[in-house]
Amino acid sequence: MFCAGAMRTHKLLGLHAEPGPLLNWVLTLLPFVLLVATYLVASHKMLEENPRAKLLPSVQTMGETMKRLATEPDKRTGHYTLLHDTTVSLKRLLTGILLAAVTGLLLGLNMGLFPGFRTMFLPFVTFLSIIPPLAILPMLFIVFGVDEVAKITLIFIGSVFVITRDIYLATMAMPKEQITKALSMGVSQLGAVYRVIMPQILPRLLNTTRLTLGAAWLFLIAAEAIASTEGLGYRVYLMRRYMAMDAIIPYVCWITLIGYCMDLTLRKLVSWLYPWYGK
Amino acid sequence: MKNRPYIITIAITLFFALTFTASASDKCRIAWSHYTGWEPYAYMQESGLMAKWAKKHNVEVEITLVNDYIESINQYTAGAFDGVTATTMDGLAIPAVGGVDTTVLIVGDYSNGNDGILIKGKPGEKLGVKNLKGRKVMLVELSVSHYLLARALAKNSMSERDLTVVNTSDADIGALFATASPGAAAVTWNPILMAARNEPDAQLVFDSSEIPGEIVDTLMVRTDMPEGCKRAIVGAWDETMSIMSGRGQATDDAIEMMAKFAGATTAEFKAQLQTTFMYYNRADAEALIKSPEFKKTMDEVRKFSFDHGLFGQGAPSADFVGIEYPDGSVAGDKNNVKLRFR
């Protein structure tokens, strides 16, 4: 959209567009409104034809179903389904991603700073990172059983290499003079790594972890779909067996909301802990 | 750019319009998925029998493989197909509960050992259903495997509270059971069952031959499907059944073809047919659905489905969908009959 000859900056189009506060809101909300509106129209049409159609349930049906799943204990297990699924899934997700972040930081940092370490691990990590984790999922289940370990391992494998490689790149990009200076001031080698370089890498770690969360969710759901007794992904796949879209759609929205909140938290954490980062 | 939302809306509307009008002409689409008792549908399509009968009744019938059982039923329920191969249980829980008025056109077979419960024991150990207590049992939750387990437990005065059900994908259950340590348990169907049974120390503690006539595999169609299509499909099916049950070259060729579709050797496929009670004679199938035992079975199925939430979170009771039997009697809501046996 090239606006030739326009003297003042356009409100909507062009590289220098400056939408006002109101227009900003409108632009932000527009795609959401369109998506919801399209759904509502399609759902209404379908339900008019067959009031019990399962594919696109009405907002009211979804609300009632979710109310039941959130506030009434399950007949067989006595758990509150939504709460239980959420805690179980979050535990898996956070354990996996936390392990991946710590491992990724240590591996990436040391690969970036110690040439010996780098020679030994860089080709290996690069090689492993190419393996599609989902393709070896059945193997994970066979090795680690159908319990928690296999699911957490999948999330770990799915995120650790991306984090490692990103931390490695960030470490390599650090000016080497810093280390020279630190060493000449009498800091030990490990001190230079963990007290000079690492604190500068930590915000990058949080950001990378934040971006890896999407993949981590994918692996969580995939693992729960294959063999599970509880969890958000388990529920979605179980409901699929009888096409209960009135529960699946709100579950997907719920997963999205949790994911968004995690993203937001990490973003705020970075700007709160490391106000200098990215400036 | 500005027109984009319109284009998307129009595209979506068109998509739905097309899927809904597909059933308006006398062209009918049937979805099937792999199962011993349903391989004849592939044979009907590939051998030209279906086309022959369709021509006779002046209609078009297309039989399409959907390589995922539940997905095929979902697509039928959403309107992409006019008929689908399904068990009575899934037909009740998905299309019928979903408000699609469905008629069981062909009662093809019942599982007579095709579904079974396995436990891996220590060498020399004698195991039974009672030994499931306290174990983790791998199965596709809410499937006929789950129903079989519920029936086996009931027959041994146990309940699902006595064990833990692990929802396991049918794609992985065979490998997981094969590599599991002693104590593992699984409920599955053929051909997975056949392979898993041959694992050392695997014992079959219960199978569907102990509940004959309960896990019934059918072809169900929209009740408003054009009569011509219905007659053509039934005609082609009957001819296929008489070929299958006959003797001679035509029979051998048909069985060999079906084995190939199933991805099995002819011997393996014949072994699977042994545990499938095929209704080669339609009168026998009609006798089954007219029998009082069948109504009892459907009541078991309804109860199981309702107890496990298959009728949806909001269903008030097992009676909320009506099932009509050939004698005109209705189980459940008379004003909401969505599954018909005729």
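Which element gives the largest share of the lining of the second largest pocket? I began my notes on this predicted model with that lookup, and found that α9(A) supplies the largest share, with three residues.

**Second largest pocket.** I read off about 1,000 Å³ of space for the second largest pocket, with 39 residues lining it, of which B:Asp68, B:Tyr69, B:Asp170, B:Ala171 and B:Trp189 lie nearest its centre. When I listed the elements that give two or more residues to this lining, I had α8 (189-226) and α9 from chain A, and α4 (69-78), β7 and α11 (266-274) from chain B. Sorted by class, the lining of the second largest pocket holds 17 nonpolar, 12 polar and 10 charged residues.

**Largest pocket.** I then turned to the largest pocket, for which I noted about 1,300 Å³ of space and a lining of 44 residues, with A:Asp74, A:Lys75, A:Arg76, B:Asp307 and B:His308 lying nearest the centre. Two or more residues of this lining come from each of α2 (59-71), α3 and α9 (232-240) of chain A, and from each of α6 (144-155), β7 (164-168) and α13 (292-307) of chain B. By class I entered 19 nonpolar, 11 polar and 14 charged residues for the lining of the largest pocket.

**Disulfide.** I searched all chains and found one disulfide, which joins B:Cys28 to B:Cys229 with an S to S distance of 2.0 Å. B:Cys28 sits in strand β1 (residues 27-32) of chain B and B:Cys229 in helix α9 (residues 227-245) of chain B, so that, at 201 residues apart, the pair links distant parts of the chain. The link of B:Cys28 and B:Cys229 is right-handed, with 85° about the S-S bond, and I noted both cysteines as buried.

**Cysteines without a bond.** Why is A:Cys253 not bonded to A:Cys261? The sulfur of A:Cys253 has its closest cysteine sulfur in A:Cys261, and the 13 Å to that atom is too far for a bond, given that a disulfide needs the sulfur atoms within 2.5 Å. I checked accessibility as well: A:Cys253 counts as partly exposed at 47% relative accessibility, and A:Cys261 counts as partly exposed at 39%.

**Confidence in chain A.** Last, I looked up the confidence of chain A, where the mean pLDDT is 90 and 97% of the residues reach 70 or more. Within chain A, confidence is lowest in helix α5 (residues 137-144), at a mean of 84, and highest in helix α3 (residues 81-113), at 96. I add the caution that, where pLDDT is low, the predicted coordinates should not be read in detail.

Terms used: Residues are numbered from 1 along each chain as its sequence is written. Chains are lettered from A and ligands numbered from 1 in the order in which they are written. This is a predicted model: local features need pLDDT of at least 70, side-chain atom pairs count only at pLDDT 80 or more; totals for chains, interfaces and linings use all residues. Side-chain values use heavy atoms; hydrogens and water are left out. pLDDT is the predictor's confidence in each residue, from 0 to 100. Helices (H or I, at least four residues) and strands (E, at least two) are DSSP runs, numbered from the N terminus. Buried means under 20% relative accessible area, exposed over 50%, partly exposed in between (1.4 Å probe, protein chains only). On a 1 Å grid over the protein atoms alone, a cavity is a set of points where a 1.4 Å probe fits but cannot get out, and a pocket is an open set with protein on both sides within 12 Å along at least five of seven lines; lining residues have an atom within 4 Å of a point. Grid points are joined across faces, edges and corners, and a volume is the space filled by probe spheres set on the points. Ala, Val, Leu, Ile, Met, Phe, Trp, Tyr, Cys and Pro count as nonpolar, Asp, Glu, Lys and Arg as charged, and the others, Gly among them, as polar.
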